Structure formats: structure tokens, C-alpha cells
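Got your viewer open? Keep a selection box handy, and we'll walk through this one stop by stop.

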Amino acid sequence: KRDGYDNGQGYCGAIILFPFGSTEIRDYPVQNWHYLLRVLVMRFDGDIVLSSVPSDCRKLRKLVPKELEERIKIKSDLSLSAMINAVREARLIVSVETGPAHIATAYDKPAVMILGGGHYGFFAPWRNSSRQVWLSNSLDCFGCNWHCCRDRVECISGVRPERVIKEVISRL
């Protein structure tokens, strides 16, 4: 135990954001995360945590605007079991990765998930209750198997951050 967050301890009531997908094509744009974090800090007094795998630590730090560094916690070393416990204890999850999204849904946690169209319908969207919402920018190219035919991955980048915030706020 290094900082009280191992094994999910200390996440009770936190908003945990899992900002990166398993591959870069599934990532939500950095500027959208900046916007979301600024709004969350203004509207939420509790802990806000960015989490991902250890190799993403540098990328996580780039998501935090300078003026918010003291308010945003970064965790990039959670084991699978610690991540499951953290999700279970959290107040709300925001994720572009389906792993944390599925865990949040299994625990019926409030969650806002951003889902691209690469494998749409195979692994998601599904939910346990209205506490979970999956957001996508629906396009005619859904089912592309992550071989995007566009200049940018609009099924993900086209999900407006204002829409994400609206869904987050309605679940707090």
C-alpha cells in the first residue's frame, strides 16, 4: 500500500475517469478531457481520479490542465482487482474503455461511457439500469472493425463534451 488507493481503498465517493481505450484510435480527444475536468472541478467537491495502465502515466498527466493539478489525482498502477474495487467504491465512472464500463455496469454504478463504432454491438452497449449510459456519434460506418475510413475517429471525437457533462451531472 503506497498511497491509500491500492486495492481500491480511498475511492469511496470519487469520480473515476478512464480516459484511454486499449488502442489509441479509441481515445477521446485531449481538449475534450480538459473541458470535462474543468467542469467537474467546478461542480464536484470530492476526489476526481484519472486512471489507466502504467504505460499511460505520461499521457494521463497531459490530460490535466496546469491549474487543476492539485485537484486531480492520477493512478496508473492499479491491478485488475484494485481497479474492480475502485470502480465498486466510486460514485461515478466515466470511461472510453469497456473493461471499467462493464465492471461499473455489473455493480450498477452510475457510469457514462463513450463508445466508438468499431465493434459496436459486440461488447457494448449494454446496461444494468438507467444509471449507465453509452454515448456514441452514430455513423453509417459503424462496424468498421477499427479500420477508420475518416480523417479522425468521428464516432468518438464527435461525442460533444457538453453531452458527456450533461449525462455526468444527471448521475451525480
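What percentage of the 172 residues of the protein count as buried? The figure is 49%. Bear in mind that this is a predicted model.

**Whole chain**

Start with everything shown as a cartoon. You should find 6 helices and 6 strands, and walking along the sequence gives the pattern β-α-β-α-β-α-β-α-β-β-α-α. Along the principal axes, the C-alpha atoms fill a box of roughly 45 × 35 × 30 Å. The radius of gyration is 15 Å, which agrees with the value near 16 Å that a compact globule of 172 residues would have.

Now switch on contacts, if your viewer draws them. Of those between residues at least 6 apart in sequence, 62% join residues at least 24 apart. Switch to a surface and you are looking at about 8,700 Å² of exposed area, with carbon and sulfur atoms supplying 49% of it.

**Into the core**

Select Leu17, Tyr28, Trp33, Ile48, Leu50, Ile72 and Val164. These belong to the largest nonpolar core, which has 34 residues, and they are the ones that touch the most other members. Next, colour helix 1 (residues 30-43): with 6 residues, helix 1 gives this core its largest share.

Zoom in on Leu17. Once neighbours within four places in sequence are set aside, Leu17 is in contact with Trp33, Leu37, Leu40, Ile48, Val49, Leu50, Ser51 and Val94.

There is also a second, separate core, made of 19 residues; select Ile16, Leu78, Val87 and Ile93 to see some of its members.

**Rings**

Go back to Tyr28 and Trp33 and show their side chains. Both residues are buried, and the structure holds 1 aromatic pair. How are the rings of Tyr28 and Trp33 arranged? Their centres are 5.5 Å apart and their planes meet at 85°; planes over 60 degrees apart count as edge-to-face, so that is what this pair is.

For another ring, pick Phe20 together with Lys59. The charged end of Lys59 sits over the Phe20 ring, 4.2 Å from its centre.

**Helix 4 and the loop after it**

Select helix 4 (98-106) and highlight Pro100, Ala101, Ile103, Ala104 and Thr105, which are buried. What do the buried residues of helix 4 pack against? Add strand 1 (15-18), helix 3 (80-89), strand 4 (92-95), strand 5 and strand 6 (132-135) to your selection, and you have the answer.

Then step off the end of the helix to Asp108, in the loop that leads to strand 5 (111-114). Check the backbone here: phi of Asp108 is near 55°, a positive value in a residue other than glycine. Is Asp108 buried or exposed? It falls in between: a relative accessible area of 23% makes Asp108 partly exposed.

**Last stop: Gly158**

Finally, jump to the loop between helix 5 (154-157) and helix 6 (161-171), where you'll find Gly158. Gly158 is partly exposed too, with a relative accessible area of 24%. Which residues does Gly158 touch, not counting those up to four places away in sequence? Select Asn137 and Val153 to show them.

For a parting distance check, draw a line from Gly158 to Asn85. The two are 73 residues apart in sequence, and their C-alpha atoms are 31 Å apart in space.

Key: Residues numbered from 1 in each chain as written. Predicted model: local features only at pLDDT ≥ 70, side-chain atom pairs only at ≥ 80, totals over all residues. Heavy atoms only, no water. Phe/Tyr/Trp six-rings, centres within 6.5 Å; stacked < 30°, edge-to-face > 60°. Buried < 20%, exposed > 50% of the residue type's maximum accessible area, 1.4 Å probe, protein only. Lys NZ or Arg CZ within 6 Å of the ring centre and 35° of its normal. Core = buried A, V, L, I, M, F, W, Y, C linked by side-chain atoms within 4.5 Å. Helix = DSSP H or I, 4+ residues; strand = E, 2+ residues; numbered from the N terminus. Contact = heavy atoms within 4.5 Å. Rg over C-alpha atoms; globule rule 2.2 N^0.38 Å. Areas by Shrake-Rupley, 256 points an atom, 1.4 Å probe, with all protein chains shown as cover.
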